[in-house]
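Please work through the exercises below with the sequence and the structure open beside you, and try each task before you read its solution.

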Amino acid sequence: MTWTSTMSSGYSSLEEDSEEYFFTARTSFFKKPQVKPKPDEEVEKEREPQKVLTKEEIQQKIESYNSNATDKLKMTLNSDGVYTGFIKVQMDLRRPITIRSMITHGGHLYNNNNETAFYMPKGTTNTLHISSTNTVKEVIEALLKKFMVADNPAKFALFQQSHSVHMSKLLNSEQPLCLRLLAGPGADALTFVLREHETGEVLWEAFSLPELQNFLRILAKEEEDQFQHLKRRYREYRAKLEEALRATGKPG
């Protein structure tokens with residue numbers, strides 16, 4: 001099974017590794033959400049417990065799922081009752097991530113202990129091949145591994161979004177493929193999104209040194225841009241005042 005990663009899509013498996021990765025940087029920094037999200041505890045209380053299906057129900061739902069799937073990402077039921085399939089995860093990361101630099105030697109990848117801070121390109125989507133036993137925690141770890149992200153997986157959370165409106169954080173013990181099966185293949189019914197934890201306050205001690213240095217560079221650039229913008233505004237305002245004074249014949 002192969003895997004590729006681009007600006008808009010990617011494919012990977014929890015069981016296989018890849019050797020090609022592409023990243024670009026963007027210059028935006030922290031963005032305030034337009035609507036304050038509910039605390040994770042409140043959202044989790046509103047969500048119903050994950051339904052447990054019998055083997056017969058699973059088989060029926062998989063048959064229905066596969067018949068309604070418009071792509072080739074279908075599910076397969078094994079004799080032991082475990083089923084496998086695909087989920088797509090949107091990478092909605094607002095802060096830079098730390099990427100491990102890798103070198104190739106003898107057809108194998110090795111970590112050369114160099115790390116660089118990158119912004120994940122907006123709209124990046126990854127397709128994972130997982131089983132019904134894989135948990136949210138395992139999915140997060142697999143995504144970070146595939147993108148060679150050095151950050152602590154505890155920084156991130158997997159969310160489910162329904163009908164492009166309601167979004168809720170998933171528990172680490174939940175099983176994304178089970179949720180995908182229950183919701184059906186439609187993206188409107190269910191979308192998985194990887195985000196940073198919304199703590200309300202930035203925990204700077206949780207970031208690595210390259211991340212913090214990158215924050216400082218971005219802040220310095222934004223500070224200089226704002227300073228130059230203010231200077232231009234006041235120069236224009238002063239010029240208009242002086243022009244108005246000259247027009248009235250009064251000394252400047």
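The exercises that follow concern a predicted model, and each one is solved step by step.

**Exercise 1. The overall layout**

Find out how many helices and strands the protein has, and in what pattern they follow one another along the sequence.

Solution. Begin by counting the elements, which gives five helices and nine strands. Next, read along the sequence and write down each element as it comes, which produces the pattern β-α-α-β-β-β-β-β-α-β-β-α-β-α. Then turn to the contacts between residues at least 6 apart in sequence, of which 70% join residues at least 24 apart. Finally, consider how the chain is covered: of its 252 residues, 36% count as buried, while the protein exposes about 16100 Å², with carbon and sulfur atoms supplying 52% of that area.

**Exercise 2. The nonpolar core**

Describe the largest nonpolar core, and state which element gives the most to it.

Solution. As background, nonpolar side chains in soluble globular proteins tend to be buried together. In this model, the largest nonpolar core has 33 residues, and those with the most contacts inside it are Y83, I87, V89, L158, L181, F192 and L194. The elements that give two or more residues to this core include the helices α2 (55–68), α3 (136–146) and α4 (176–183), and among the strands are β3 (83–91), β7 (156–162) and β9 (191–196). The element that gives the most is α3, with five residues. To see one member of the core in its surroundings, take L194 and set aside its neighbours within four places in sequence; its contacts then include V89, M91, I140, L143, F156 and L158.

**Exercise 3. Salt bridges**

Examine three of the salt bridges in the structure, and decide for each whether the residues named in its solution are buried or partly exposed.

Solution. The structure holds five salt bridges. In one of them the side chains of D92 and R195 meet, with N and O 2.9 Å apart. Because D92 lies in the loop between β3 and β4 while R195 lies in strand β9, this pair ties together parts that are 103 residues apart in sequence. D92 has a relative accessible area of 25%, so this residue is partly exposed.

A second salt bridge joins the side chains of E141 and K137, at 2.7 Å from N to O. These two residues are four apart in helix α3, so about one helical turn separates them. Both lie in the intermediate class, since E141 is partly exposed at 33% and K137 is partly exposed at 44%.

For the third, D151 forms a salt bridge with K155, whose closest N and O atoms are 3.0 Å apart. The step that decides the class here is the cut-off for buried, which is under 20% relative accessible area. D151, at 7%, is therefore buried, and K155, at 15%, is buried as well.

**Exercise 4. A loop residue and a surface patch**

Locate T124 and find its backbone partner, and then name the residues that make the nonpolar surface patch of about 450 Å².

Solution. T124 is found in the loop between β5 (108–118) and β6, and with a relative accessibility of 2% this residue counts as buried. A polar atom of the T124 side chain lies 2.7 Å from the backbone oxygen of P121. Turning to the surface, the nonpolar patch is made by L230, Y234, Y237 and L241. Of these, Y237 has its place in helix α5, which covers residues 209–248.

Conventions. Residues are numbered from 1 along each chain as its sequence is written. This is a predicted model: local features need pLDDT of at least 70, side-chain atom pairs count only at pLDDT 80 or more; totals for chains, interfaces and linings use all residues. Side-chain values use heavy atoms; hydrogens and water are left out. A nonpolar core is a set of buried Ala, Val, Leu, Ile, Met, Phe, Trp, Tyr and Cys residues joined through side-chain atoms within 4.5 Å. Buried means under 20% relative accessible area, exposed over 50%, partly exposed in between (1.4 Å probe, protein chains only). Contact means heavy atoms within 4.5 Å. Patches are made of residues with over 30% relative accessible area and no salt bridge: like charges are joined within 9 Å, nonpolar side chains (Val, Leu, Ile, Met, Phe, Trp, Tyr) within 5 Å. Accessible areas come from the Shrake-Rupley method with a 1.4 Å probe; for residues, only the protein chains shown count as cover. A salt bridge is a side-chain nitrogen of Lys or Arg within 4 Å of a carboxyl oxygen of Asp or Glu. A polar contact is a pair of N or O atoms within 3.5 Å; within protein, one must be able to donate a hydrogen and the other to accept it, and residues adjacent in sequence count only if both atoms are side-chain atoms.
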